[in-house]
Amino acid sequence: MMRKLSPPWQVLELVAHRLEPETLATAACVCKSWSASLSSDHLWQPFCSAAYPSLSNLHPAAAPASVPYCKLYSLGRAAEKRRLQSPPKPDLSMHDLVFAVDVQNGRGCVATVVCPGADLKPDRSGVFRFDIGVESDNLVAFEELDSLRITWNVVLQGLKGVFTMMDCRGKGSFVLGLEGWFSKELPPPGCCSSGAASGLVSDLRLGLREGGGGKVVVEKISVGVLSIVSWRYVCIDDALRYLQHFLLPF
C-alpha cells in the first residue's frame, strides 16, 4: 500500500495565495511543514496591511525580535472580536432600585417623590429616561427664580446601597415657564480614576404648571442619564452597568 505524501511546498505556496486568512490559518495547523510554508511573511503581509495597517507598521519596529505578520494579524483579529462583542448583561435590574428625588427652596420642600424602579414605565426607545408624577397633595407653589436644591438618589432595595445621581443648587434653566432643567456630570466608576471623566451626565427636568399669583408648581419630574459624546440618553442596560459599580460590592 502506497504511503500518502504531502504536496511539495511549491504547490502549497501556489494554493496559499488563493486562500482567505481564516482558511490559511487553519491549513497552517495541519503539520509543521505546512505551518512553516503557510506562515511566511510574504503571504500574511498583504492581509495584515489591508485589515490592520497600524499593527502592520509594528513589524519593522519590533526588530530584531521581529513579530511575524501572521501573529500581528491574529492579534488584530482578536482585538476586533473583543471590540464587536456585546457587553455582558448588568447584574442590576430596575426592580432592584428605588428612585428618590427631593426639590427644596429656601422656604422648605417644593416636591418630593419616592418611586420603585419596577413602577417606572420605560421609554419606548429603551433609554434610561423616566417620568415620575408628583402627587397632588404634595404640590407647593414657588417662584420660578427661586434658588432650588435638587437631590436625586438611587437606592438599592433594602437600603443596601445609595448613589447620589445629583445634588445641586441654583436656579437651573427654566424654559418658557413650563420646564426647569438641571444637570450634573457623573463621576467615573472605579477607585483609581482620579481626574478621569465618566462621559455621563445625570439629567433632571421639572414639569411645571401655573399655580397662581405668578408662581408655579411641579407636577412631573423626569430623570435620565445622558452621554456627553452624543448628548443622547443612554440605554437602560448601560446605565445599570454604570450604577452597579457604586451599588454592588465587588
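Arginine 77 is a convenient place to enter this predicted model: the residue is partly exposed, with a relative accessible area of 30%. Its side chain meets that of glutamate 80 in a salt bridge, with 3.3 Å from N to O. Glutamate 80 is likewise partly exposed, at a relative accessible area of 24%. Both residues sit in helix α7 (residues 69–84), and because they are three residues apart there, about one helical turn separates them.

A second salt bridge joins the side chains of aspartate 237 and lysine 89, at 2.8 Å from N to O. Aspartate 237 belongs to helix α8 (residues 236–247), whereas lysine 89 is found in the loop between α7 and β1 (97–105), so this pair ties together parts that lie 148 residues apart in sequence. The two partners fall into separate exposure classes: lysine 89 is exposed, with a relative accessible area of 62%, while aspartate 237 is partly exposed, with a value of 24%.

Strands contribute a further pair. Arginine 209 and glutamate 219 meet through their side chains in a salt bridge of 3.2 Å, N to O. Here the link runs between strand β8 (residues 200–212), which holds arginine 209, and strand β9 (residues 215–227), which holds glutamate 219; the two residues are ten apart. Arginine 209 counts as partly exposed at 36% relative accessibility, and glutamate 219 is also partly exposed, with a relative accessible area of 38%. Returning to helix α7, arginine 77 and glutamate 80 form one network with Glu22 through salt bridges that share partners. The count for the model comes to eight salt bridges.

Turning to the strands, four of them form an open sheet in the order β2-β1-β4-β5, with antiparallel pairing. Strands β2 (108–116) and β5 (161–170) are the edges of this sheet, each pairing on one side only. On average, neighbouring strands in the sheet are turned by 10 degrees against each other, direction ignored.

At the β5 edge, strand β4 (residues 148–156) pairs with β5 in the antiparallel sense over nine bridges. Valine 155 can be used to locate this pairing in the structure, as its bridge partner in β5 is valine 162. Helix α8, the helix that carries aspartate 237, also meets this sheet: α8 lies across β1, β4 and β5, and runs at about 105 degrees to β5.

Definitions and conventions. Residues are numbered from 1 along each chain as its sequence is written. This is a predicted model: local features need pLDDT of at least 70, side-chain atom pairs count only at pLDDT 80 or more; totals for chains, interfaces and linings use all residues. Side-chain values use heavy atoms; hydrogens and water are left out. A salt bridge is a side-chain nitrogen of Lys or Arg within 4 Å of a carboxyl oxygen of Asp or Glu. Helices (H or I, at least four residues) and strands (E, at least two) are DSSP runs, numbered from the N terminus. Buried means under 20% relative accessible area, exposed over 50%, partly exposed in between (1.4 Å probe, protein chains only). Two strands pair if DSSP finds at least two bridges between them. Axes are lines fitted to C-alpha atoms, for helices over the stretch in contact, and angles run from 0 to 180 degrees between N-to-C directions. Contact means heavy atoms within 4.5 Å.
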